[in-house]
Number of protein chains: 2
Amino acid sequence: MSQLRKAMLCLLSALAILVSSRGLRGQDDPLPSWNNSKPKQKIVQFVEQTTTAGSPTFVEPAERIAVFDNDGTLWCEKPYYFQLEFMLEQVRAAVLKHPEWKNDAAYKAIVARDAKALEAIGMKPVLQLVAKANSGMLVSQYDKAIRDWLATARHPRFERPYTDLVYAPMQELLAYLRANGFRTYIVSGGSVEFMRPWAEKAYGIPPEQVIGTQQEVRYELKNGRPSLVRGPSFAFVNDGPGKPIGIYRSLGRLPIAAFGNSDGDLQMFQMTAAGQGPRLVLVIHHDDETREYAYDRGSRVGGLDKAWDEALEKGWIVVSMKNDWAKVFGFDK
Amino acid sequence: MSQLRKAMLCLLSALAILVSSRGLRGQDDPLPSWNNSKPKQKIVQFVEQTTTAGSPTFVEPAERIAVFDNDGTLWCEKPYYFQLEFMLEQVRAAVLKHPEWKNDAAYKAIVARDAKALEAIGMKPVLQLVAKANSGMLVSQYDKAIRDWLATARHPRFERPYTDLVYAPMQELLAYLRANGFRTYIVSGGSVEFMRPWAEKAYGIPPEQVIGTQQEVRYELKNGRPSLVRGPSFAFVNDGPGKPIGIYRSLGRLPIAAFGNSDGDLQMFQMTAAGQGPRLVLVIHHDDETREYAYDRGSRVGGLDKAWDEALEKGWIVVSMKNDWAKVFGFDK
């Protein structure tokens, strides 16, 4: 009976934790960083619709899948994608092996930290440079390089670790959805390796729930030791039309809720909205230059044009960071 | 307090179910279809090692990942991979659009149901034919075609639905591992689409825990409706050295237990065994032609050569279906 005793003790302690934590918070608002405006009301309404047993809009827990873009949706993406800062270090270190880069526009923009030039060049040529920079590296070495960088790098405006720049309202939303039986996934154009080392601590999202751009990787025995080695190119770019494909490949089912902030999320929004039953599509609009940044149409990083038009046309929820969020970052007063 | 009440009721009912089901089974053997020989003892020992709190070999639940090959490990793969039978129907229907196939060796072998020729040709040319056959199909149509086929097709020897030909000992093992906090994944050379429709019912493995060979898929708006359309080629072949890569891409962490039956699993075995801490690598040996089939070295379907040698050399567990399994299929007496 020791297995049974263990299981009972485990359940009872889970119950005790639940009671005490609920007791402490009482009827506290699960989304305190959200103002009580339309987006929050719609979120709460959606969760009630999909989780109330016996309701015609009830959704089985297995199908309660919520997908979140990362850059600009869960954390800040300005002055440019944080992954680019990491790449700077990697590319700088690799230029000795690649003298031909000295005339490359993307390389020059990275080394000069020329945000304007990087915006004009776009993400792809830069990602290609870094892909080459890290070609031949073990995935374990790459993982360590990311962790080392995160431990010391600081954001140029906020002068804090990049992982401090996650949005408090979105952290609350992730936790609120999970508390209601949803599973939360990141679906990002960024590299999956770049997010996995910190996504669990920042968002409560484990590595296997991070869907992203994939590097070519090959399997090798190095001195008899099984190793995964990074190749020079991408195996799959999980952006724009790649997002519904990445979701299909990883999950084999459709999400019922999607959260994003740019045209790179449009096809993920469309695919999510097209399913049967209740759906939640929510677009974060960056309109708060005091607490964060203001950008939308025409921005090369996080541009919001077509997805905004379609959101207005189809009644998807557009969140004004300025008006709908009481707080942006955890460190905001 | 209604949220709290709901959570408490949910926990209490889970507890009640647990108590009653344990009560009914008492100290029953969780692996009744396994004889009490070395493989079963090793499995139970591994589970105790990794789940006993305070033990130096304890593994956190998040890291308790077990990966299972499908064909020949979880269900039968003879006279040839069941997916080929499904392909037969698909390819036959598509030959009208592809008259050039009439001289293709793989096409001729499929139509003639020539098992020997198919073994000689191998899986890849046949998979390529079917990939072309279904090119342009919506993924939802393909899913329906698989479900329709499964509902009517019968195995030539056992004259039963293919989904009856799952191995009872492995179903028990999957359930036993999950009851001990493991997460169970399929990692197969077969197409992910072919397994997802029935893996949950047969094995308790949901679609997002099926890792397999991936078709090229493109995103399209068809009359304004978001659609995923199958392309003519593979995006990723999850076999041999592809298996550790597929695991890395999907999970971002190493399994601690791996189950397979052929050389296509060798690199997955190697990668699993290479990690720190307790590891379980188990190779199913098909040596029971009375209840199932007997094959190993030199077989084109499910050949077991190098992986067998390495299993013996490294002390991985080799399961004799004949001696270590009390039962093969659920319908065996």
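Here are two worked exercises on helices in a predicted model. Residues are numbered from 1 along each chain as its sequence is written, with chains lettered from A and ligands numbered from 1 in the order in which they are written. In this predicted model, local features need pLDDT of at least 70 and side-chain atom pairs count only at pLDDT 80 or more, while totals for chains, interfaces and linings use all residues.

**Exercise 1.** Work out which residues of helix α12 (residues 306-314) of chain A are buried.

*Solution.*
- Step 1: pick out A:Ala307, A:Trp308 and A:Ala311 as the buried ones (20 or more other C-beta atoms within 10 Å of a residue's own; exposed is 12 or fewer).
- Step 2: they share one side of α12(A), because their arc around the axis is only 100° (taken from the directions from the helix axis to the C-beta atoms).
- Step 3: flip to the other side of α12(A), and you'll find A:Lys306 and A:Glu313 exposed.
- Step 4: look for the cover over the buried residues, which includes α11 (266-274), β6 (280-287) and β8 (317-320) of chain A.

**Exercise 2.** Describe how helices α7 (residues 139-152) and α9 (residues 192-203) of chain B cross.

*Solution.*
- Step 1: their axes (lines fitted to C-alpha atoms over the stretch in contact) come within 10 Å and cross at roughly 60°.
- Step 2: α7(B) and α9(B) are therefore oblique (not under 35 degrees, over 145 or 65 to 115).
- Step 3: the crossing of α7(B) and α9(B) is right-handed (the near helix is turned clockwise from the far one by less than a right angle).

Notes
Helix = DSSP H or I, 4+ residues; strand = E, 2+ residues; numbered from the N terminus. Contact = placed C-beta atoms within 7 Å. Axes fitted to C-alpha atoms, helices over the stretch in contact; angles between N-to-C directions.
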